[in-house]
Amino acid sequence: MQTVVLPIDPDHPDRLVIEQAAEVLSRGGLVVIPTETVYGLAANALQAEAVQRIFTAKGRPSQNPVIVHVVDEMAAQSLVRAWPERATRLCQAFWPGPLTIVLPRSELIPDIVTASGSTVALRSPAHPVARALLMACPFPLAAPSANRSSSISPTKAEHVLKDLNGLVELILDAGPCAHGLESTVVDLAKEPPCILRPGPIGPEELLRVITDVRWEIRPHAATEKDASIRSPGQLSRHYAPKTELHLLPADQPFWKTIHQACEAGQRVGLLYWGMDEPLPSQPNLIIDRMPASAKEYGKVMYDRLHAMDAHGLNVLFVLVPPKSEEWLAIRDRLTRAAVANEPDATGTLQRNQE
Ligand code: TXA
Ligand code: MG
């Protein structure tokens, strides 16, 4: 299959391009769409065969459900069995935007979308291109991040092409995504509600709207065999670059570790975060200075990881960002990327499972 890439203005999407994309989706095809978080791999959410193609293109395990994108709260209500008051409050505060809510699903949703589970994840994206497309389609859009399963999410069309060229009909290229990190996922089917995946909307912001939301992620415990997983995005090994990634605590003598790796003849990368000091240079060491603020760091993190992967390194070190809440989603993704390289309880490396 030939993949067509169409540039599209992020703020004023061309109507003809939107119509072309809607037409591909109506035929059961796959279209990669920009959202304010990351690029999504979209299909008609009400057509099981179309959604099956998402799983095939991504190489995604069938037990990992996908998010359904809707234009607004009313469209979301038509896809669930119950709409609690908390959902209204959250949608009024954060939709359209980077918040996904999980609710009991209606029978309209095919089993494949929810991995046969009883709930569906819903999100109304804010990106003008995604919105224009949702308005042009008489159906909601199932759309996971547009990357191969377990690898880094794409925040630019070029990242998508690396993974999915020849596997999708169309990519709408609207330039880099604004947030750069996947949406916050909140489970409202649970009492009390809990955060399944941290994201651009932090716990404090959520707590201002629903006062009893809990945080329930076990960063290292979950494995694919763990039947108790509520949201497969909680799997330890997720969001990983191809290069082996290790986190280094910034308050420890990390330069020593880096120099040792360089001296052992390895090609080494470092995502540096910290003081604005001059950094050492070494022939086989590539250093990338990351932005100081969490918001800016999140925006470019996946892009920098993609770039480091392209250098053909033996190892990538990342300095651990601060512990404060604004860094929660970033630390979550980095921890998962690093877990891919840490031995599990049996001493087996979890990497290379794919
Ligand atoms: O920002 C985003 O959410 C992006 C853009 C494209 O919208 N999408 C995204 O989708 O990140 P994906 O499939 O890569 O991640 C979906 C997350 C996973 O952690 C998945 O396990 C969880 O949402 N999820 C989906 N349906 C669920 C459900 N019914 N119950 C619990 N978790 C669910
Ligand atoms: Mg994903």
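How much space lies in the second largest pocket? About 440 Å³, in what is a predicted model. Let's walk around that pocket and then turn to a pair of packed helices.

The lining of the second largest pocket is made up of 19 residues. If you would like to find its centre on screen, look for Gly199, Pro200, Ala294, Lys295 and Glu326, the lining residues that lie nearest to it. Three elements each give two or more residues to this lining: α8 (203-209), α10 (294-310) and α11 (328-339). Of these, α10 provides the largest share, with four residues. As for chemical character, the lining has nine nonpolar residues, six charged ones and four polar ones.

Now move to helix α1, residues 15-26, and helix α6, residues 128-136. These two helices pack with their axes 9 Å apart, at an angle of about 55°. Angles of 65 to 115 degrees would count as roughly perpendicular and those under 35 as roughly parallel, so α1 and α6 are oblique to each other. The crossing in which α1 passes α6 is right-handed.

Which residues make this contact? On the α1 side you will find Ile18, Ala21, Ala22 and Leu25, and they are met by Val129, Ala132, Leu133 and Ala136 of α6. By class, the contact of α1 with α6 has eight nonpolar residues, with no polar and no charged ones. Set that beside the lining of the second largest pocket, where nonpolar, polar and charged residues are each represented.

Note on methods. Residues are numbered from 1 along each chain as its sequence is written. Chains are lettered from A and ligands numbered from 1 in the order in which they are written. This is a predicted model: local features need pLDDT of at least 70, side-chain atom pairs count only at pLDDT 80 or more; totals for chains, interfaces and linings use all residues. Side-chain values use heavy atoms; hydrogens and water are left out. Axes are lines fitted to C-alpha atoms, for helices over the stretch in contact, and angles run from 0 to 180 degrees between N-to-C directions. Angles under 35 degrees count as roughly parallel, over 145 as roughly antiparallel, 65 to 115 as roughly perpendicular and the rest as oblique. A crossing is left-handed if the near helix is turned anticlockwise from the far one by less than a right angle, and right-handed if clockwise. Contact means heavy atoms within 4.5 Å. Ala, Val, Leu, Ile, Met, Phe, Trp, Tyr, Cys and Pro count as nonpolar, Asp, Glu, Lys and Arg as charged, and the others, Gly among them, as polar. On a 1 Å grid over the protein atoms alone, a cavity is a set of points where a 1.4 Å probe fits but cannot get out, and a pocket is an open set with protein on both sides within 12 Å along at least five of seven lines; lining residues have an atom within 4 Å of a point. Grid points are joined across faces, edges and corners, and a volume is the space filled by probe spheres set on the points.
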